[in-house]
Amino acid sequence: MSLRIGDSAPNFQAETSIGHIDFYDFLGDSWGVLFSHPADYTPVCTTELGRTAALKGEFEKRNVKVLALSVDSAESHIGWIKDINETQNTTVDFPIIADEDRKIADMYDMIHPNASETLTVRSLFIISPDKKVKLMLTYPASTGRNFNEVLRVIDSLQLTANYSVATPADWQDGDDVIVMNSIKTEDIPARFPKGHEVIKPYLRTTPQPNK
């Protein structure tokens, strides 16, 4: 059965580039980003892992732990990391999971047979501290991911987890947000004292409440 948003993210134990881990224990109370790569020593993946490492501070300030996955061995990952650090001018210190038997890839439906029978597509999962799947993105093997979008979605998820708001199209941190329809218009001032605008009865906006 395929995973869906809102499902519990399956736990697993795995060998990685930093040693053996239990997924849930590794995440602890943090948010998580788990993303797969078709293979080690491939060009697009090299740039993706380098970009992720360069964004270490951005993930840390959002309380996010990152894990990559490839169907190659931990030994292969360690060798590849040297190339990533050299070519991308960074330091990869997050774990890369060795999924040689493809158990985790199957668990997370990362192998799409019509794309490849053996290699994972570029799947990405954002997982909340209660271990629920909050976002799923799938890119073809030929297209590198946009990690600014990943950070944007994390900002939105963390904001909307704490306030009765949603984020509109192309929202960026600091922009106005949408008040959920579960809140009556007359109740908005007490909930959102920064002010609000009623564009339509079903479309009410307010300044971002945590800024």
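# A tour from helix 6 to the nonpolar core

Begin by selecting arginine 152 and glutamate 149, which are three residues apart in helix 6 (residues 147-162) and therefore separated by about one helical turn; helices here are DSSP runs of H or I with at least four residues, strands are runs of E with at least two, and both are numbered from the N terminus. The model on the screen is predicted, so that local features require pLDDT of at least 70 and side-chain atom pairs count only at pLDDT 80 or more, while totals for chains, interfaces and linings use all residues. Residues are numbered from 1 along each chain as its sequence is written, and side-chain values rest on heavy atoms, with hydrogens and water left out.

**Salt bridges**

With the first two residues still selected, show their side chains: arginine 152 and glutamate 149 meet in a salt bridge at 2.7 Å, N to O, the term standing for a side-chain nitrogen of Lys or Arg within 4 Å of a carboxyl oxygen of Asp or Glu. Arginine 152 is buried at a relative accessible area of 19%, whereas glutamate 149 is partly exposed at 26%; buried means under 20% relative accessible area, exposed over 50%, and partly exposed in between, with a 1.4 Å probe and protein chains only. Across the whole structure, eight salt bridges are found.

Move next to glutamate 58 and arginine 62, whose side chains form a salt bridge of 2.8 Å, N to O. Glutamate 58 is partly exposed, with 27% relative accessibility, and arginine 62 is buried, with 12%.

Then select aspartate 173 and lysine 211, another salt bridge, at 2.9 Å from N to O. This pair links distant parts of the chain, 38 residues apart, with aspartate 173 in the loop between strand 8 (165-166) and strand 9 (177-179) and lysine 211 in the segment after strand 11 (203-206). Aspartate 173 is partly exposed at 39% relative accessible area, while lysine 211 is exposed at 58%. Before leaving the charged residues, select Glu58, Lys61, Arg62 and Asp155 together, since salt bridges that share partners join these residues into one network.

**Aromatic rings**

Rings of Phe, Tyr and Trp (its six-membered ring) pair if their centres lie within 6.5 Å, and planes under 30 degrees apart count as stacked, over 60 as edge-to-face and the rest as tilted. Under this rule there are six aromatic pairs. Select phenylalanine 12 and phenylalanine 23: the ring centres are 4.6 Å apart and the planes stand at 10°, so this pair is stacked. Because phenylalanine 12 lies in the segment before strand 1 (13-16) and phenylalanine 23 in helix 1 (residues 23-27), the pair ties together parts that are eleven residues apart in sequence. Phenylalanine 12 is buried, with a relative accessible area of 3%, and phenylalanine 23 is buried as well, at 1%.

Phenylalanine 35 and phenylalanine 94 come next, as a tilted pair with 6.5 Å from centre to centre and 45° between the planes. The two residues, 59 apart, link distant parts of the chain, phenylalanine 35 being in strand 3 (residues 31-36) and phenylalanine 94 in the loop between helix 4 (74-88) and strand 5 (96-98). Both phenylalanine 35 and phenylalanine 94 are buried.

Now select Phe12, Phe23, Tyr24, Tyr108 and Phe125, which ring pairs link into a cluster. From there, add lysine 131, whose charged end sits over the ring of tyrosine 24 at 5.6 Å from the ring centre; a charge sits over a ring if NZ of Lys or CZ of Arg is within 6 Å of the ring centre and within 35 degrees of the ring normal. Lysine 65 likewise lies over the face of phenylalanine 26, at 5.4 Å from the ring centre.

**The open sheet**

Show strands 8, 9, 11 and 10, which in this order form an open sheet of four strands with antiparallel pairing, two strands being paired if DSSP finds at least two bridges between them. Strand 8 and strand 10 (197-200) are at the edges with a single partner strand each, so one side of each has no neighbour in the sheet. Strand 9 and strand 11 pair in the antiparallel sense over two bridges, and valine 177 stands opposite threonine 206 in strand 11.

**The nonpolar core**

Finish with Val33, Phe35, Phe59 and Ile126, the residues with the most contacts inside the largest nonpolar core, which has 26 residues; such a core is a set of buried Ala, Val, Leu, Ile, Met, Phe, Trp, Tyr and Cys residues joined through side-chain atoms within 4.5 Å. At least two residues of this core come from each of strand 3, helix 2 (43-54), strand 4 (64-70), helix 4, strand 6 and helix 6. Helix 6, where the tour began, supplies the largest share of the core, six residues.
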